[in-house]
Amino acid sequence: MIQTLKLPLKVKRGFPTDLTSVPRPFRPFVGRVGPHLEASIIHDYLYVAWQIGGLPPTDDMRRFSDEVMLAAMPASGMGCKAHAIY
């Protein structure tokens with residue numbers, strides 16, 4: 001698991017995202033938008049950045065993206081819901 005992020009991750013305005021992917025039955029508890037949205041956008045950006053670089057996402061890349069999102073959510077005030085989203 002990622003302990004701290006020391007480098008800034010910036011996503012340009014207008015980057016296409018599917019917001020937070022939450023199965024419909026869970027949306028009353030965890031919305032597709034909310035304080036966790038920035039972490040979700042960074043997660044999506046990492047997937048796209050690798051593909052733009054010509055690399056198909058591997059299981060390790062997916063795991064890294066997931067862990068970055070999990071590490072970023074507490075900074076936006078997410079508590080136990082961060083683990084539910086993860």
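Mentor: Before we start on this predicted model, please keep in mind that a residue is called buried here when its relative accessible area is under 20%, exposed when it is over 50%, and partly exposed in between.

Trainee: With that cut-off in hand, what percentage of the 86 residues in the protein is buried?

Mentor: The count takes every residue of the protein whose relative accessible area falls under 20%. Set against the 86 residues of the protein, the buried share comes to 28%.

Trainee: Which order of elements does the protein show from the N terminus on?

Mentor: There are 0 strands in the protein, and its helices number 3. Read from the N terminus, the order of elements is therefore written with one kind of symbol, since helices and strands are the runs being numbered. That order is α-α-α.

Trainee: Which radius of gyration does the protein have, and how does it stand against a compact globule?

Mentor: Along the principal axes, the C-alpha atoms occupy a box of roughly 35 × 25 × 25 Å. For 86 residues, a compact globule would be expected to have a radius of gyration near 12 Å, and the protein agrees with this because its own value is 13 Å.

Trainee: Which elements give two or more residues to the largest nonpolar core?

Mentor: In soluble globular proteins, nonpolar side chains tend to be buried together. The largest nonpolar core here holds 9 residues, among them V22, V30, A39, M69 and M73. The elements that supply two or more of its residues are α2 (59–72) and α3 (81–85).

Trainee: Which residues does M73 touch, if those up to four places away in sequence are not counted?

Mentor: M73 is itself a member of the largest nonpolar core, together with A39, M78, A82 and I85, among others. Once the residues up to four places away in sequence are set aside, the partners of M73 are H36, A39, M78, A82, I85 and Y86.

Trainee: How many residues make up the second, separate core?

Mentor: This second core stands apart from the one containing M73, and its members include I42, W50, M61 and V68. Its full count of residues is 5.

Trainee: Is D44 buried or exposed?

Mentor: D44 sits in helix α1, which spans residues 37–52. Beyond its neighbours within four places in sequence, D44 makes contact with F15, T17, D18 and L19. Its relative accessibility is 14%, and because the cut-off is under 20%, D44 counts as buried.

Trainee: What is the C-alpha separation of E67 and Y86?

Mentor: E67 belongs to helix α2 and, with a relative accessible area of 17%, is buried. Along the chain, E67 and Y86 are 19 residues apart, while their C-alpha atoms are separated by 7.9 Å.

Trainee: And what separates the C-alpha atoms of R13 and R32?

Mentor: R13 is placed in the segment before α1, and its relative accessible area of 85% makes R13 exposed. R13 and R32 are likewise 19 residues apart along the chain, and the distance between their C-alpha atoms is 18 Å.

Trainee: How does P74 count in terms of exposure?

Mentor: P74 lies in the loop between α2 and α3. Although 35 residues separate P74 from A39 in sequence, their C-alpha atoms are 9.6 Å apart in space. The relative accessibility of P74 is 48%, so P74 counts as partly exposed.

Trainee: How far apart are the centres of the positive and negative side chains?

Mentor: The protein carries 10 positive side chains and 7 negative ones. The centres of these two sets are separated by 8 Å.

Conventions. Residues are numbered from 1 along each chain as its sequence is written. This is a predicted model: local features need pLDDT of at least 70, side-chain atom pairs count only at pLDDT 80 or more; totals for chains, interfaces and linings use all residues. Side-chain values use heavy atoms; hydrogens and water are left out. Helices (H or I, at least four residues) and strands (E, at least two) are DSSP runs, numbered from the N terminus. The radius of gyration is taken over C-alpha atoms; the globule rule is 2.2 Å times the number of residues to the power 0.38. Buried means under 20% relative accessible area, exposed over 50%, partly exposed in between (1.4 Å probe, protein chains only). Lys and Arg count as positive and Asp and Glu as negative; His and the chain ends are not counted. The place of a charge is taken as NZ of Lys, CZ of Arg, CG of Asp or CD of Glu. Contact means heavy atoms within 4.5 Å. A nonpolar core is a set of buried Ala, Val, Leu, Ile, Met, Phe, Trp, Tyr and Cys residues joined through side-chain atoms within 4.5 Å.
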